[in-house]
Each structure stands twice: as C-alpha cells, then as structure tokens.
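Please open the structure in your viewer and keep the selection tool at hand. The tour below proceeds stop by stop, naming what to select and then describing what is found there.

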There are 2 protein chains.
Amino acid sequence: MNVTIKDVAQRAHVAPSTVSRVIADNPRISKETKERVFKAMEEPGYYPNAIARSLASKMTYTIGLIMPRSAEDAFSNPFFPEVMRGISVVAHNEKYDLLISTSGNEEEEKQAVINMVKGRKVDGIVLLCSRTTDELIPWLREEKFPFTVIGKPLDSKGVCWVDNDNIGASRLATNYLIKHGHKEIAFISGSLEFVVSLDRLDGYKLALEENNIPFVKELVAQDEFSEDGGYNAMMRILKQKKPTAVVVTDDIMSFGVIRAAIDYGLRVPQDVSLIGFNNIPLSAYANPPLTTIDISTFELGVKSAELLLKILKNKDYMADHIIVPVKLIERKSCIKR
Amino acid sequence: MNVTIKDVAQRAHVAPSTVSRVIADNPRISKETKERVFKAMEEPGYYPNAIARSLASKMTYTIGLIMPRSAEDAFSNPFFPEVMRGISVVAHNEKYDLLISTSGNEEEEKQAVINMVKGRKVDGIVLLCSRTTDELIPWLREEKFPFTVIGKPLDSKGVCWVDNDNIGASRLATNYLIKHGHKEIAFISGSLEFVVSLDRLDGYKLALEENNIPFVKELVAQDEFSEDGGYNAMMRILKQKKPTAVVVTDDIMSFGVIRAAIDYGLRVPQDVSLIGFNNIPLSAYANPPLTTIDISTFELGVKSAELLLKILKNKDYMADHIIVPVKLIERKSCIKR
DNA sequence: TTGTATGCGTTATCAT
DNA sequence: ATGATAACGCATACAA
C-alpha cells in the first residue's frame, strides 16, 4: 500500500513514535535523528495520512461552512462568495481547509451540521445564514461545539457572531437621503424572517423619527433577495405611493428596483433616488452607478474565521461579537431634491 | 468520551461488528437485531465517527475542489460560484461533501493538492482551473488519483474533462456579428495562457475565414478577466482601429468594454455592437442588456461532478470527456449594420 | 446470521 | 532523547 510512518521508522532505524515526533516538530529530539528521519521520508515520498492523524489527535484542521439552505441563494448572490473569500484567506493562512455542505431544506441542513459535528469532520463551524427561526444555534451551543455566526442571531446569548451595525447602517443610508431633501422615502428589503432585515427596518424608522418624518407603511415592502424580488417590491409600492427616494437593502434587488422605476416611466435618479446595500462589484457599473452602503463583506468573512480560530485555540473563549464597519459609497443614483 | 460503536454493541447485547453491519445496512442481518441495534443507537444519540470510518474503509465521501490560484479570481467572477453550485448539487445528491482548499500561488496549489491526495482527505478531485502550464494534471494522472477537469487541458490524453465546444461557440458568436453586417470585428479575451482563450480565438478566426474577412491583429487584445481588463483591452484597440463590433469572451470584461466605448464617445450598440460570453445573471440587466453566449456554467459543474462520481464508482473508467452545449442569448447589445 | 480478531496510520502515555 | 504499547473508532476477513 502507501508508505506509512512505520516504513519511515524502519528506514531511519527508529521507532514510529520518533517519526511522529519529528513530524510534530517536537523540541526534545536530537538534530541527528531528526535529519535521519527527514532523509528516510524523502526517498519513498512519505506523506502523513491526515485521516489517521485526525483519528488519533481529534483535530481535523478543517472548518465547516454552512451555506444558506438553497444552493441557489448561496452562490447566485455575490455576497456569499465574497464572504467565503474572506474565510478562505484566513483559513489558508492558518492551514485550515474548508468543508462545505449544501442543503436543500431545513431538515437537510440540520443533518449536514450533525454530520459534520458528530461525524467529527471539522473542528469548528461558520454559519453563513442566520434566520430568525434557526434552531441550529441552540443545538450547537448545547453540544458545546465551536462555531461563529455571520449576522447577529435573534438570541445571541452565548454565541459568537460577526455583523455590521445594521441599524446604524440603515439609519445612515436613510439620513443621507433625507439630507438630500427627500421626505417620501421607500424601504425595500428581504424577508423580515431575517434579523438583518428587521434591524435595517428599525434603522430606517429611526432616521425618519429623528427628522420628524412620518412612517408610512405603504412605502415599505419585502421580497426575495433577487433582481425580480426588487422589481416586484418596487412595483407594489409604486401602485400606491410615489416615493422620491428608496432605500434598498441589497444591490441585486436595486437592479430590479431600477428596472421597475423605468418600466413605470420614472428616471433614476432624476425622478427617484436610490441607495443600495452591499456594494457588489457590478453596482459601480450599473446605470446609473449605484450609491450604496459597503458592508465590508470580505471583512465579515475574515472576522468570522478569525473569531472561530480564536475559539479553537482557547476552548473556553467567552462569547463575543465583532462589529464590522460600513461605509457609504457615493455614486450617481441619488440627487438633491 | 463520545458514544461509540462499542457502547451501542453493549446496549444491544451484540458484537461491535454487528452494529457496524447495521450501519452499513448489510443485507444478511436479522430484522430483530437490526431493530434492537437501532434502539440502542437512539437513546444515547449515537452517530458514526466519519474519520474512523474513513480510516478503516479508505473512503471519505468527500470531493476536493481546486479553485483558481487566487481566491480573488475564484470568488469575484460569478463563473466559479455557479460552477460550484452545479458541483454541490450533484455532491449533495450523492451524499458527498466538498473540501475546498484555496491557494495563492502555483507552489501552494501543488501543496494543497498533495495535502488532499496524499493526506487521503478526499476520494477524488475536480480541477476548476486548467492553465496551459498546469503540472497538476500530469501529477494526478501519475498518482492514478481520480479527478476531472473543467476546461479542456492542453494535453488531454488520459484525463476526464468537461467543457464547451469553445471553438464552435466563438465561431457562433462571430458569425452572428457577421450576419448582422459587421466586418470590422474585434476580439477581446483573457490571457492566452488559458486554453479556452486560445480556442475561442481560433473560433473567431475560423468565422472570419469562412466569410473571407481578413484577420487584423490590431483588432485582437487580451487582458485580465475583470471589468478593468475589458476596459483596458478595448482602449488599446480603439487607439488603433475602429471596430463596429466586438466579441468579448467574458461578460464581466464586457462591462469594461462598454465603459471604454462610452468614454471614447461611442454608443453601444449604435456605434459598436457587442457580444459577450457566460451569460452571468447581471448581463441581462446591463445597459444595454448584453447579447451573450450562455455556456451553461451550472451544467459544467454538474457534469464534472457526475463524471468524477462515475470514475469513483468504476475505478478503471476510461478517459472520457463531455461537451456541454452553448446557446446564443439575443438581447440588445447588437444591431444590424 | 453473528462473533472474534486484526488492521487502518497516527498520536499519546508510559517507560527507560 | 527515544522506544513500546495502548488508544482512536470503525470495517472486514475469517470463523462459528
């Protein structure tokens, strides 16, 4: 079969345990034997079996990634790849691999996590998807399994999470519009099933309040995180009201909102100003280029991974959270009124 | 520690091997004991340790994914997430996990693969990146390790790969432009280091030849697979020639080409027609909506995974390849001349 | 149909 | 500093 630690041991005339120590770079081992062992590894092309290693050491050096339930959502919105990019950079630096398991529905997702956790396939998990109804978090907490969450969970007690200040970000966006003289400001977001949508709605309301602008529920709509979702939401609003500006909590949705406005005979930004969220690469090249809130997606990934690794290094690390800053990117989709 | 197969065996008053057989759903096992074992698994919450399982059975039920060298490229171009989506759907159906390992440079990439292969962490590998200079393919072939490649490798002898008919696709695109009355047709692609760029250039030339249009090398440019890359390539061409149409082998680059044209005072499609490649989600919402070649990115992922699984199921499966069809999506970026 | 024994390739705990 | 030897948790060939 393949060359094992025993073969190397024979070649080097030492015990397998010594070879193991050399691999682990154990300090108390003489230079001479270390050399000899390395030589004995070279020629036959020895490489440690990670599986056997994991079994014995109970360390896998791999991080589990739980994507949003539908692979559709997971990979079609640039948000997730960008988060993964952040995670993978950190993981790579620390010599961790990434194990990904997609799932179609809630039950499958649960199974995927159980499989990773109870199957001992990963050392820790990053949850890319925090729904308000998530039962994964309580389960992981109960299992005392190391994990971090991207997006503040509804019940964040005892869990480590990374997120933006979503209330603040939304308030920032809304205030920007208000300062540009807008008063009829619509708010379009994804499902309120997501904490992030809830928080951003709150930020929007907050900004209105601060400026004594009444909240009008006909100016608010939710829909899917997609171009079509944005289109439909905007259309629903336009049937009842005529906002002069709109806050859209996702750039992809913004594209749909723009299309809806145009279909409705409105020009952007002359008739409707628009501010998006996420600052995806293409929003800069939209027509008009999108003013948007950059939520530092990449950083979200980086921090979530760093936090997880910190936990792994110090098992009884206290529950903690990290707020990643946002930044308003001014482009051409908003004008003064 | 955690509950193991032995604990279950004791509870059910059977031998560990019997429990193992129940897990493996071995046919020759009585209904009664099977029931009893299942019961004994329930209460203490037994779950098989995948690592131990792998060590004993030499099967990991995970597929390794080798992304393009820079995580940058890997996740910023929608092509790769979409491919991953295809792969993950198939993997999920067959109860395989995905192990991802990103890498910064060629050396790291090699290490990542060695780590997966010699570390016995995966059963097979899908290469998402076939550079013409790739030394990974010969290595994997020599190791007799199961793998498939997305994109036809330069030396495809004895390797299983999945790709479009790139020559045909490019010829299709070019002919479309020619049929619309264009004769001054530019060709912008990524680096010729990629086989795909080479093939598409050939297809372009082929179409010109068929129509007795001379090949003009000033009308051809290569650059990075990015918006900026497209912009720069187009600018370089415009400084020498004034094409009435251009074939761009990547939608992201197309956005840059459009921007360059506009900066140069040209309207799209009135002054320059444009046909892209990949049909990424947002190309439909570009301005103008992009006419493009849909290369069935998702299918590319699906087929590569299916092919790999076929190999895994039948170790001495013959080298084979799969051509995934392309489709021309007509939108608004081309006009008759 | 079920049990026994051994191996999978390491790490880790004792020794020495 | 190094060597035996026992885990690690499961699969499997061989018995029964």
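Two residues are in contact when heavy atoms of theirs lie within 4.5 Å of each other. With that meaning, the contact between the two chains takes 45 residues from chain B and 45 residues from chain A. Please bear in mind throughout that this is a predicted model.

**First stop: the interface of the chains**

Select chain A and chain B together. The area buried between chain B and chain A is about 4,300 Å², and carbon and sulfur atoms give 63% of that area. How many salt bridges does the rule find across the interface of chain B and chain A? There are two. To view a salt bridge, select B:K121 and A:D97, whose side chains meet at 2.8 Å, N to O. Across this interface there are also ten residue pairs in polar contact.

Now colour the side of chain B that touches chain A by its secondary structure. The elements of chain B that give two or more residues to this side are α4, α5 (71-76), α6 (79-93), β2 (97-101), α7 (106-118), α11 (227-238) and α12 (251-263). By class, the residues of this side divide into 19 nonpolar, 15 polar and eleven charged.

**Second stop: DNA strand C**

Select DNA strand C next, and display the residues around it. The strand is surrounded by 28 residues, and the closest are A:I5, A:S20, B:S17, B:T18 and B:R21. Of the atoms of DNA strand C that come within 4 Å of the protein, sugar and phosphate account for 63%.

Three side chains may be selected in turn to inspect the phosphates. A polar side-chain atom of A:Y46 lies 2.9 Å from a phosphate oxygen of DNA strand C. For A:R53, a polar side-chain atom is 3.4 Å from a phosphate oxygen of this strand. On the other chain, an N or O atom in the side chain of B:T33 is 2.7 Å from a phosphate oxygen of DNA strand C.

Which helices supply at least two residues each of the surface near DNA strand C? They are α2 (16-23) and α4 (50-57) of chain A, together with α2 (16-23) and α4 (50-57) of chain B. With five residues, α4(A) gives the most to this surface. The residues of the surface divide into 13 nonpolar, ten polar and five charged.

**Third stop: DNA strand D**

Move the selection to DNA strand D. There are 25 residues around this strand, of which A:T18, A:R21, B:I5, B:S20 and B:Y46 come nearest. Sugar or phosphate holds 65% of the atoms of DNA strand D within 4 Å of the protein, and the rest belong to bases.

Select A:T18, where an N or O atom in the side chain is 2.5 Å from a phosphate oxygen of DNA strand D. Then select B:I5, which has a backbone N or O atom 2.5 Å from a phosphate oxygen of the strand. At B:A52, a polar backbone atom is 3.5 Å from a base nitrogen of DNA strand D. The elements that give two or more residues to the surface near this strand are α2 and α4 of chain A together with α2 and α4 of chain B. By class, this surface has eleven nonpolar, nine polar and five charged residues.

**Fourth stop: the domains of chain A**

Hide the DNA and colour chain A by domain. Chain A is divided into domain 1 (1-40), domain 2 (62-164 + 298-326) and domain 3 (166-295). The centres of domain 2 and domain 3 of chain A, taken over C-alpha atoms, are separated by 28 Å. In chain A, 16 residues of domain 2 are in contact with 17 residues of domain 3. Between these two domains of chain A, the count is zero salt bridges, while three residue pairs are in polar contact.

**Last stop: backbone details**

Most residues other than glycine have a negative phi, and most peptide bonds are trans. Select B:V268 and B:P269, which are joined by a cis peptide bond with omega about 10°. B:P269 lies in the loop between α12 and β9 (273-277) of chain B. Another cis peptide bond joins B:N287 and B:P288, with omega about -5°. Finally, select A:N279, a residue other than glycine with a positive phi near 50°. A:N279 lies in the loop between β9 (273-277) and β10 (291-294) of chain A.

Notes:
Residues numbered from 1 in each chain as written. Chains lettered and ligands numbered in written order. Predicted model: local features only at pLDDT ≥ 70, side-chain atom pairs only at ≥ 80, totals over all residues. Heavy atoms only, no water. Near = heavy atom within 4 Å. Polar contact = N/O pair within 3.5 Å; in protein donor to acceptor, adjacent residues only side chain to side chain. Helix = DSSP H or I, 4+ residues; strand = E, 2+ residues; numbered from the N terminus. Nonpolar A, V, L, I, M, F, W, Y, C, P; charged D, E, K, R; others polar. Domains from an automatic or database assignment. Salt bridge = Lys/Arg side-chain N within 4 Å of Asp/Glu carboxyl O. Buried area = accessible area lost by both parts, 1.4 Å probe.
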